Amino acid sequence: MGNLESDSKFLKKAMIVNIVGTILKVCGPLLTFVMARIFGAAEFGIFISAQTLLLTIAHSSTLGLDKGLYWYLPQNGLNNRLRYDGIMESFWISAAIALLCTAVIFVGSFTPYISKELPWYALSLLFYIGCYVFGTASEGNRHPQNAVFVNSFLTVSLAPATSIVLHYTGVPHALPLGLLVGQMVGACVLFVLIRKQFPEMPLHPRFNVSRVLLKYSLPLGVDEFVSSFLIRSSLWMVMLFLGPEKAGAYGIMVTISNALQTIRVGFTPILTPVVAGMDKGRLKTDLKPVYSYCVFMVTFIQLMIGFFIVLFPDLILGIAGKDFIVQPETLGILLLVHLVAGFGGMSYVVLNGMGKSLFSLIMDIVSLGVALISGYLLIPAFGLVGAALSMLCYNVFAIICNNAYLFKMRLQPYSIRLWSQVVWILLLIAFYIALNMQVFVLSMIEKAVVYVAIIALLGAYGLVVKKRMDKDRNAVSARD
């Protein structure tokens, strides 16, 4: 059984990895913007839509076994199992499902119902599976740096770079083939890294996947399928109602704003095993300092990136080309979505760590309904702004319900120290509104000076709050 002191040490170490991962996640998609400019809004919109479909199929193909490894691998030693038990079993089952889906897409391409281009994208499915399973296995074995480097930087940089090279050399299907190369290299690198951690692990295990792992993972797998549709529903509805060019523009803004989302997502494999290791007594005493620390770090990093995006939106969007600067106010709403989710959305991680995966599944199904209804009403009326508002609606709905459930269980995971984060979030949104309404106009040099000043203030504020939170956490450890 862990304790608050050991959990805190792991969180601090993992936070450094997460910061490095955040930098890589921000730098990695830059080539995607260049690729968007080269291929044009329409073709890039099709690429984004096909890629999101692949992500949905790939996540569904794992049956949740990849996420289950977060919980299962740390328990192998406690239950006298082989320390690598579950890894290759999960891969082969997921790979078989992915190959079946690939075959269905290839056969379907001979009918009028599936695009002739989609089978080229489907070639990447197997390697997506490899990245997922071997990446989460590394994270479950407390080596998060492997997945961070490969999934957050290598694949997302190599794929667009390859597509650009293939395009200029005249090779057809440059976009799907670039995606294939990126995922193939990423899966191979992660496999080599996981073999170094478990050199005794056989490639073909003698037994099927553990019932314990499967029972834990299946609800997560269904939830992954639902949440994949939930996350991408707004983009697909933009494609349906507004066409591929608007989908390409919206896809670029989602990619930019996702720099904030990836910070929150990066804490999922960190916080989940920590919460899972807490008994009822520790949940009452230790959950608040652990959860509040994670929320503080997530929103703190998000604010640093968010102010940069707010100050230089045209510069960022302009990398992709003028065709992508459409309803730029949409970007501000997307930033608000991820800031709100960074503050309150990690309650979802706590519930999964406590084994409440069924409640999470029900919430995502209901949230999907909210997303579809709000998107149907808002996107035709307000365009890309409506798509962003739809995303805000279902996120706020889910956050309220998840936190209400935690409070019902008499768990209050938010430290009073976090209220200052709410003030900073409101300041960021107010600053964005003021800039877009041209309350004041800043030159590029003035924006740079303002950003440096904001970062200095944030840094000083962060040091003060972090010291106070460390003091609170040490007081709890002393009581334990």
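## Exercises on a predicted model: contacts, rings and surface

Glu 200 forms a salt bridge with Arg 83, with the closest N and O atoms 2.8 Å apart. This pair links distant parts of the chain: Glu 200 sits in the loop between α9 (174–197) and α10, Arg 83 in the loop between α4 (65–76) and α5 (87–108), 117 residues apart. The model is predicted, so local features need pLDDT of at least 70, side-chain atom pairs count only at pLDDT 80 or more, and totals for chains, interfaces and linings use all residues. Residues are numbered from 1 along each chain as its sequence is written, and side-chain values use heavy atoms, with hydrogens and water left out.

### Exercise 1. Salt bridges

Task: find how many salt bridges the whole structure holds, then classify the partners of Glu 200–Arg 83, Lys 67–Asp 66 and Asp 85–Arg 81 by exposure.

Solution.

1. Apply the rule: a side-chain nitrogen of Lys or Arg lies within 4 Å of a carboxyl oxygen of Asp or Glu. A search of the whole structure gives 3 salt bridges.
2. Set the exposure classes: buried is under 20% relative accessible area, exposed is over 50%, and partly exposed is in between (1.4 Å probe, protein chains only).
3. Take Glu 200 and Arg 83. Glu 200 has 38% relative accessibility, so it counts as partly exposed. Arg 83 is partly exposed too, at 40%.
4. Take Lys 67 and Asp 66. Their closest N and O atoms are 3.5 Å apart. Lys 67 is partly exposed at 23%, whereas Asp 66 is buried at 1%.
5. Take Asp 85 and Arg 81. Their closest N and O atoms are 3.8 Å apart. Asp 85 is buried at 18%, and Arg 81 is partly exposed at 24%.

### Exercise 2. Aromatic pairs

Task: count the aromatic pairs, then describe the geometry of Phe 47–Tyr 121 and Phe 91–Trp 92.

Solution.

1. A pair of aromatic rings is described by the distance of the centres and the angle of the planes.
2. Apply the rule: rings of Phe, Tyr and Trp (its six-membered ring) pair if their centres lie within 6.5 Å; planes under 30 degrees apart are stacked, over 60 edge-to-face, and the rest tilted. The count comes to 15 aromatic pairs.
3. Phe 47 and Tyr 121 are 6.1 Å apart, centre to centre, with 45° between the planes, a tilted pair.
4. Place the two rings. Helices are DSSP runs (H or I, at least four residues), numbered from the N terminus. Phe 47 lies in helix α3 (residues 41–61) and Tyr 121 in helix α6 (residues 118–122), so the pair ties together parts that are 74 residues apart in sequence.
5. Check exposure. Phe 47 is buried at 5%, and Tyr 121 is buried at 3%.
6. Phe 91 and Trp 92 make an edge-to-face pair, 5.1 Å centre to centre and 65° between the planes. Phe 91 is buried at 11%, while Trp 92 is partly exposed at 38%.
7. Ring pairs also join Phe 296, Phe 300, Phe 307, Trp 424, Phe 431 and Tyr 461 into a cluster.

### Exercise 3. Two buried residues

Task: list what Glu 139 and Ile 429 touch.

Solution.

1. Contact means heavy atoms within 4.5 Å.
2. Glu 139 lies in helix α7 (residues 125–140). Its relative accessible area is 16%, so it is buried.
3. Leaving out residues up to four places away in sequence, Glu 139 touches Tyr 70, Pro 144, Ala 147 and Pro 269.
4. The side chains of Glu 139 and Tyr 70 also make a polar contact at 2.9 Å. Such a contact is a pair of N or O atoms within 3.5 Å; within protein, one must be able to donate a hydrogen and the other to accept it, and residues adjacent in sequence count only if both atoms are side-chain atoms.
5. Ile 429 is in helix α19 (residues 419–436) and is buried at 18%.
6. With the same exclusion of residues up to four places away, Ile 429 touches Gly 332, Leu 336 and Leu 339. Ile 429 and Leu 339 are 90 residues apart in sequence and 9.8 Å apart in space, C-alpha to C-alpha.

### Exercise 4. A nonpolar patch

Task: name the residues of the nonpolar surface patch and the elements that supply them.

Solution.

1. Patch residues have over 30% relative accessible area and no salt bridge; like charges are joined within 9 Å, nonpolar side chains (Val, Leu, Ile, Met, Phe, Trp, Tyr) within 5 Å. Areas come from the Shrake-Rupley method with a 1.4 Å probe; for residues, only the protein chains shown count as cover.
2. Leu 240, Phe 241, Ile 373, Tyr 376 and Leu 377 make a patch of about 580 Å². Two elements, α10 (211–242) and α17 (357–382), each give two or more residues.
3. The largest share, 3 residues, comes from α17.
4. Leu 377 is in helix α17. Leu 377 counts as exposed, at 55% relative accessibility.
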